[in-house]
Amino acid sequence: MKKILMFGFEALPEILTVAGIARRCGAEAVNISRESCGVSIGELAQGRTDGAGLPVSGKMLVFCGLERELDEVLAALRREGIVCLKAVLTSANRGWTPGRLYRELERERRTMGGI
């Protein structure tokens, strides 16, 4: 299951760019609707999308099953100017909602001085 879950992406050029990068790595890009943000990250990775919840407050990508391709994906995103929070699906965060993951990534970004 190689996927890139996309949250908060609304501009078609950015969506198509991420989808193209995913395709080159044998993955699928899935743009998650605001209405599905009550479902856990793990369930979204499995294809479930029915769960109302609070949407994330910005853009975020979650990489699922792309461990070997991650460096290539990150470099391509950087080249294409896609700027957002990024995470890898792990056993620790798979039960979290997108909102919880986003807040944790924001906290980590602030702790690291905005890097």
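Being three residues apart in helix 4, Glu104 and Arg107 are separated by about one helical turn. Their side chains form a salt bridge, with the closest N and O atoms 2.5 Å apart. Glu104 is partly exposed, at a relative accessible area of 22%. Arg107 is partly exposed too, at 41%. The model described here is predicted.

**Salt bridges**

How many salt bridges does the structure hold? It holds six. Another of them links Glu106 with Arg109, where the closest N and O atoms are 3.3 Å apart. Both residues lie in helix 4, three residues apart, about one turn of the helix. Glu106 has 18% relative accessibility, so it counts as buried. The cut-off for buried is under 20%. Arg109 has 31% and counts as partly exposed. Salt bridges with shared partners join Glu106, Arg109 and Arg110 into one network.

Glu10 and Arg34 also meet in a salt bridge, at 3.7 Å from N to O. Glu10 sits in the loop between strand 1 and helix 1 (12-24), and Arg34 in the loop between strand 2 and helix 2, so this pair ties together parts that are 24 residues apart in sequence. Glu10 counts as exposed, with 64% relative accessibility. Arg34 counts as partly exposed, with 48%.

Here are three of the salt bridges.

| Acidic partner | Basic partner | N to O distance |
|---|---|---|
| Glu104 | Arg107 | 2.5 Å |
| Glu106 | Arg109 | 3.3 Å |
| Glu10 | Arg34 | 3.7 Å |

**Strand 3 and its partners**

Now turn to strand 3. Is strand 3 enclosed or open? Five of the five residues of this strand (residues 60-64) are buried, so it is largely enclosed by the rest of the structure. Both of its faces are covered. Met60, Val62 and Cys64 are buried on one side, and Leu61 and Phe63 are buried on the other.

Strand 3 pairs with two strands named here. With strand 1 (residues 3-7) the pairing is antiparallel, over five bridges. In that pairing, Phe7 stands opposite Met60. With strand 4 (residues 85-88) the pairing is parallel, over four bridges. There, Phe63 stands opposite Val88. Strand 3, helix 3 (residues 70-79) and strand 4 together make a right-handed β-α-β unit.

The loop between strand 3 and helix 3 holds Glu69. Glu69 has 12% relative accessibility, so it counts as buried. Leaving out residues up to four places away in sequence, Glu69 touches Lys2 and Cys25.

**The nonpolar cores**

Which residues have the most contacts inside the largest nonpolar core? They are Leu5, Phe7, Ile41, Met60, Val62 and Leu101, in a core of 20 residues. At least two residues of this core come from each of strand 1, strand 2 (28-32), helix 2 (41-46), strand 3, strand 4 and helix 4 (98-111). Apart from this core lies another, of 18 residues. Met6, Ala22, Cys25 and Val73 are among them.

Val62 shows how the parts meet. Setting aside neighbours within four places in sequence, Val62 is in contact with Lys3, Ile4, Leu5, Phe7, Ile41, Ala87, Val88, Leu89 and Leu101. Val62 is itself one of the residues with the most contacts inside the largest core.

Terms used:
Residues numbered from 1 in each chain as written. Predicted model: local features only at pLDDT ≥ 70, side-chain atom pairs only at ≥ 80, totals over all residues. Heavy atoms only, no water. Buried < 20%, exposed > 50% of the residue type's maximum accessible area, 1.4 Å probe, protein only. Pairing = 2+ DSSP bridges. Right-handed = clockwise from strand over helix to strand, strands pointing away. Core = buried A, V, L, I, M, F, W, Y, C linked by side-chain atoms within 4.5 Å. Contact = heavy atoms within 4.5 Å. Salt bridge = Lys/Arg side-chain N within 4 Å of Asp/Glu carboxyl O.
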